[in-house]
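Work through the following exercises with the coordinates open, and compare each step of your reasoning with the solution that follows the task.

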Amino acid sequence: MRTRAAAEGVTFEEILARDVSAMALRRVATEEDVARAVLYLASDHAKAITGATIDVNGGQLFT
């Protein structure tokens with residue numbers, strides 16, 4: 001985001017606000033969010049999951 005801000009001549013906060021407003025959950029995923037997904041995948045609750053992609057990104061679309 002800092003690189004994009006510099007390239008566009010705007011502040012980091014402007015880029016962050018723009019990106020967050022486009023996310024489904026309206027927030028950036030945290031390290032804790034990722035850790036919870038990892039714990040789930042390592043648990044017996046996920047024993048039937050194979051070859052899946054789990055996006056832990058707050059609904060951000062990457063193009």
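Helices are DSSP runs of H or I with at least four residues, and they are numbered from the N terminus. The model examined here is a predicted one.

**Exercise 1. Determine how many helices and strands the chain has, and describe its overall dimensions.**

Step 1. The assignment gives three helices and zero strands, and reading along the sequence yields the pattern α-α-α.

Step 2. For a compact globule of 63 residues, a radius of gyration near 11 Å would be expected, whereas the chain has 15 Å. The C-alpha trace spans about 50 × 20 × 20 Å along the principal axes.

Step 3. Of the 63 residues, 17% count as buried, and the chain exposes about 5100 Å², of which carbon and sulfur atoms supply 57%.

Step 4. Taking the contacts with a separation of 6 or more, residues 24 or more positions apart account for 34% of them.

**Exercise 2. Find which residue of helix 3 forms a salt bridge with Glu 32, and state how the two are placed in the helix.**

Step 1. The partner of Glu 32 is Arg 36, and the closest N and O atoms of this salt bridge are 2.4 Å apart.

Step 2. Both residues belong to helix 3, where they are four residues apart, or about one turn of the helix.

Step 3. Arg 36 has a relative accessible area of 54%, and because exposed means over 50%, this residue is classed as exposed. Glu 32, at 47% relative accessibility, counts as partly exposed.

**Exercise 3. Identify salt bridges that link distant parts of the chain, and classify the accessibility of their members.**

Step 1. The search of the whole structure finds four salt bridges. Among them is the pair of Arg 4 and Asp 19, with the closest N and O atoms 2.8 Å apart. This pair links distant parts of the chain, since Arg 4 lies in helix 1 (residues 2-8) and Asp 19 in helix 2, 15 residues apart.

Step 2. Asp 19 has 11% relative accessibility and, because buried means under 20%, counts as buried, while Arg 4 is partly exposed with a relative accessible area of 35%.

Step 3. Another salt bridge joins Arg 18 to Glu 8, with the closest N and O atoms 3.0 Å apart. Here too distant parts of the chain are linked, with Arg 18 in helix 2 and Glu 8 in helix 1, ten residues apart.

Step 4. Arg 18 counts as partly exposed at 41% relative accessibility, and Glu 8 counts as partly exposed at 40%.

**Exercise 4. Search for aromatic pairs, and then locate the ring over which the charged end of Arg 2 sits.**

Step 1. A search of the whole structure returns zero aromatic pairs.

Step 2. The ring in question belongs to Phe 12, and the charged end of Arg 2 sits over this ring, 4.1 Å from its centre.

**Exercise 5. Examine the backbone of Arg 26, and decide whether this residue is buried or exposed.**

Step 1. The phi angle of Arg 26 is near 60°, a positive value in a residue other than glycine.

Step 2. Arg 26 is found in the loop between helix 2 (12-21) and helix 3 (31-42).

Step 3. The relative accessibility of Arg 26 is 52%, and because the cut-off for exposed is over 50%, Arg 26 counts as exposed.

Note on methods: Residues numbered from 1 in each chain as written. Predicted model: local features only at pLDDT ≥ 70, side-chain atom pairs only at ≥ 80, totals over all residues. Heavy atoms only, no water. Phe/Tyr/Trp six-rings, centres within 6.5 Å; stacked < 30°, edge-to-face > 60°. Lys NZ or Arg CZ within 6 Å of the ring centre and 35° of its normal. Buried < 20%, exposed > 50% of the residue type's maximum accessible area, 1.4 Å probe, protein only. Salt bridge = Lys/Arg side-chain N within 4 Å of Asp/Glu carboxyl O. Rg over C-alpha atoms; globule rule 2.2 N^0.38 Å. Contact = heavy atoms within 4.5 Å. Areas by Shrake-Rupley, 256 points an atom, 1.4 Å probe, with all protein chains shown as cover.
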